[in-house]
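Hi,

Here is the structure I said I would pass on. Have a look at it first, and then read my notes underneath.

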Amino acid sequence: MEYNIDKTKQEQRILEIYQDLLDNKEVNIEVKSEKFGVDKKTIKRDLAAVEESLDTRYQFEIQKSKPNIYKLSRENVGRLTQTEVLAVCNILLNSRAFSKEEMKRMLDKIIEHNLDAEERKQVTTLTGNEMHHYAELSTSKQITPEDFLENMKNIAEAIVKQRKIEIEYKRNADIKNIKRKLCPLAIMFSEMYFYMAAKIEDKEIEEKLRRNYCSSPAIYRLDRISEVRILDEHFHISDKDKFEVGEFKNKSKFMYGGNIRHITFDFTGTNKGMILDQIPNAEELYTKGNTTRFRAAIIGEGPEMWLRLLKDAVKIIPPDGKQPEK
């Protein structure tokens, strides 16, 4: 009986030490020794048992930060470092993807979960001014943050389980909501907005898109979707017809859908990296002087729209190779 009692007390000590370390708290040998009524060597043996378990399962390491005080190594703990948290916070703030309320809630959770008190203070100081002046997108007020995230969750679930959905959404020119029955394929983010790629179930609408050279999946902005209902119907997409998110984003711009086609264009300037950043699959054909000719596979009108923003620095070559008349 005495053995079982001692074993139970040991388990209690180990569980508390384990939880303290995972919560990024310091484990003070002297404090634990006094709390549990055992000598410091016993607490050190408990720490060794915890470290062995952590190393076996997660490759974590317990390190001495001060005399008799131990913490979990920040390098392999599965949490972000201070620099990583700062980078993620800045990316999120610059995306403007969420309402101010939701953005603050998310940043607070990221900072609180990953950093200790001093690190939290530093990151909050560095990001606080931008958070204070954070400018919501006008569309953030069209749907509540809770409904937006709930819709995203339902769409993600339907994609994974290959379940059809019915949505209600509103385009810019529409007065009333439109209903669509869809097979959701992917969730994407681009240029401050979240989008869903989906196959339209309505054959008539799908044929209309095909006639307009838009045979790729339809693209819907999530902030314009007011309701998502997951249906009992399943759909199946073969590996051959699987929607490749990365390929689509490399060939598209501003989330415009359409058929795959090729364009050739000349870029005059030294910063060719700017072209490759925006049109990743662009292939450099040759360079004469400071003019480079590129060829790229694109989807929709988006890439050409972006190229035209560069004005005189870009000349799009017509398919017949002749320069357009001015």
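Arg 96 sits in the loop that links helix 4 (82-95) to helix 5 (100-114); helices here are DSSP runs of H or I with at least four residues, strands are runs of E with at least two, and both are numbered from the N terminus. Its phi is near 55 degrees, a positive value in a residue that isn't glycine. Arg 96 is partly exposed, with a relative accessible area of 27% (buried is under 20%, exposed is over 50%, and partly exposed is in between, using a 1.4 Å probe and protein chains only).

Before you go further: this is a predicted model, so local features need pLDDT of at least 70 and side-chain atom pairs count only at pLDDT 80 or more, while totals for chains, interfaces and linings use all residues. Residues are numbered from 1 along each chain as its sequence is written, and side-chain values use heavy atoms, with hydrogens and water left out.

Lys 311 also has a positive phi, about 55 degrees, without being a glycine. You'll find Lys 311 in the loop between helix 11 (302-309) and strand 12 (314-317), and at 65% relative accessibility it counts as exposed.

Now the sheet. It is open, with 5 strands in the order 7-6-5-4-8 and antiparallel pairing (two strands pair if DSSP finds at least two bridges between them). Strand 7 (218-221) and strand 8 (225-234) are at the edges with a single partner strand each, so one side of each has no neighbour in the sheet. From one strand to the next, the twist averages 45 degrees (axes are lines fitted to C-alpha atoms, for helices over the stretch in contact, and angles run from 0 to 180 degrees between N-to-C directions).

Strand 4 (residues 163-169) pairs with strand 5 (residues 178-190) over 5 bridges, in the antiparallel sense. Helix 7 (residues 145-161) packs on this sheet and touches strands 4, 5, 6 (193-200) and 8, where contact means heavy atoms within 4.5 Å.

How do helix 5 and helix 6 (residues 117-132) cross? Their axes come within 11 Å and cross at roughly 170 degrees, so the two helices are roughly antiparallel (over 145 degrees; under 35 is roughly parallel, 65 to 115 roughly perpendicular and the rest oblique). Among the residues making the contact are Met 103 and Leu 107 of helix 5 and Val 123 and Met 131 of helix 6.

Have fun with it!
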